[in-house]
Amino acid sequence: MLRGFIAAITLGRANRVFAARAGLIPLASPGASVYCSDMTQTLTIRRPDDWHLHLRDGAMMQGVLPESARHFARAIVMPNLIPPVVTSREAAAYRDRILAALPEGADFTPLMTLYLTEDTDPADVAAAHSSGLIAAVKLYPAGATTNSASGVTDFDKVRPVLEKMAEIGCPLCVHGEVVDPEIDIFDREAVFIDRVLDPIRRATPGLRVVMEHLTTADGVEYVKANETDLGATITTHHLIITRNHILVGGIKPHYYCLPVAKRARHRDTLVAAATSGDARFFLGTDSAPHTDPNKECACGCAGIFSATNTLSCLAEVFEREGALDQLEGFASLNGPAFYRMPPNEDRITLTKGAPVVYPEKIETGAGPVTLFDPGFPLHWRVEGP
Ligand SMILES: NC(=O)N[C@@H](CC(=O)O)C(=O)O
Ligand SMILES: [Zn+2]
Ligand SMILES: [Zn+2]
């Protein structure tokens, strides 16, 4: 105990993880459940959730759903189908299709969202939220990303809905990019914060907002500067890739997503935020499958599919930062806390060993979908099926 105490107060974070692995100190703060032992190098955390996921529909959903249900207990399911999931009736029907497509024995709860349009009815949102059907409403600026044509152009038109959401505590998930063609695509997140997000938040006190898939230091700063009613998801791939991955040595469509990955300085700021223990940052994979033909063409779709290997990727990133003790917070605790839901009671265990070989692509009834390639070996395997 004394040895552990001395180790805990004298070692830096990277060494604390090492000391924990050597059995000297528990890895996590009291009450958390992350422990390592030097022989097995295992990490047991509460079962994670995915706070931003695209499951699509039909044959594609049938193919990708098991990949999320294997490791995640719950996921915020994005509503950008064609046509989008706009009303509570459509959300209920989509939820039923997801539940019907789940593999036998899977324990997975889809948390539904409504796609905000200029015609969205505040009363429908309120009823869907109070019945527990939806967990959030999603704002896409019209034209900002995949299947966002029905999104919002005139933000004044959605003011009554936002006010109702503030009143009832229903979170607004935001794709935070302006669509102004004059604005460089690499600046669209930062400009959105100034031009759209901050004015909306100031005009709607109490509105709880999740900035989805943060990609910039500007986004991280904005979240940190706001104590209440603001959280942010960070994807697996934005913790790993920069714009070089997309463009250097030939164009790599499987690294293209929106918001587009930025320069290394931004990626590193995201890693620092995710591994910091700050509860305002949590995992939303934004796993967004498109078939290979739809990615590998003259006008390829935006979206990276990472459901299958996300946890192995994250363990590698957190370990590299000497922050394995923060993985449970990021993947399993901070999201439920923001959404005012209990964390999952069951646990998953990751074991470190020889590199895990994931398939290059998964086959779905809609066609092949290439899996995110982090570009480095993955040593952490999720135990179980
Ligand atoms: N992230 C993406 O690049 N694509 C997402 C949409 C989105 O989350 O913006 C998709 O639906 O394919
Ligand atoms: Zn988005
Ligand atoms: Zn998305």
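How many bridges join strand β7 (residues 209-211) to β8, and do the two strands run parallel or antiparallel? The answer is 3 bridges, with β7 and β8 running parallel. Two strands count as paired if DSSP finds at least two bridges between them.

## About the model

This is a predicted model, in which local features need pLDDT of at least 70, side-chain atom pairs count only at pLDDT 80 or more, and totals for chains, interfaces and linings use all residues. Residues are numbered from 1 along each chain as its sequence is written, while chains are lettered from A and ligands numbered from 1 in the order in which they are written.

## Strand β8 and its partners

Let us stay with β8 (residues 230-234). Helices (H or I, at least four residues) and strands (E, at least two) are DSSP runs, numbered from the N terminus. In the pairing with β7, Val 209 has Leu 230 of β8 as its bridge partner. Between these strands the chain passes through helix α8 (residues 217-224), making a right-handed β-α-β crossover; right-handed says that, with the strands pointing away from the viewer, the path from the first strand over the helix to the second runs clockwise.

Strand β8 is also joined by 3 bridges to β9 (residues 281-283), and these two run parallel. Here Ile 234 stands opposite Leu 283. Because 4 of its 5 residues are buried, β8 is largely enclosed by the rest of the structure. Buried residues have 20 or more other C-beta atoms within 10 Å of their own, exposed ones 12 or fewer, and partly exposed ones fall in between, with C-beta atoms placed from the backbone.

## Lys 138

Lys 138 is found in strand β5 (residues 134-139). It counts as buried because it has 26 C-beta neighbours inside 10 Å. Beyond its neighbours within four places in sequence, its contacts (C-beta atoms, placed from the backbone, within 7 Å) include Met 78, Thr 113, Tyr 115 and Cys 173.

An unreviewed UniProt entry annotates Lys 138 as "modified residue: N6-carboxylysine". UniProt positions are given in the numbering used here, feature names are shortened, and annotations may be inferred rather than shown by experiment.

## Around ligand 1

Residues near ligand 1 (C-beta atom, placed from the backbone, within 6 Å of it) include His 54, Asn 80, His 175, Cys 257 and Asp 286. The shell divides into 4 nonpolar, 7 polar and 1 charged. Ala, Val, Leu, Ile, Met, Phe, Trp, Tyr, Cys and Pro count as nonpolar, Asp, Glu, Lys and Arg as charged, and the others, Gly among them, as polar.

Notes: Contact = placed C-beta atoms within 7 Å.
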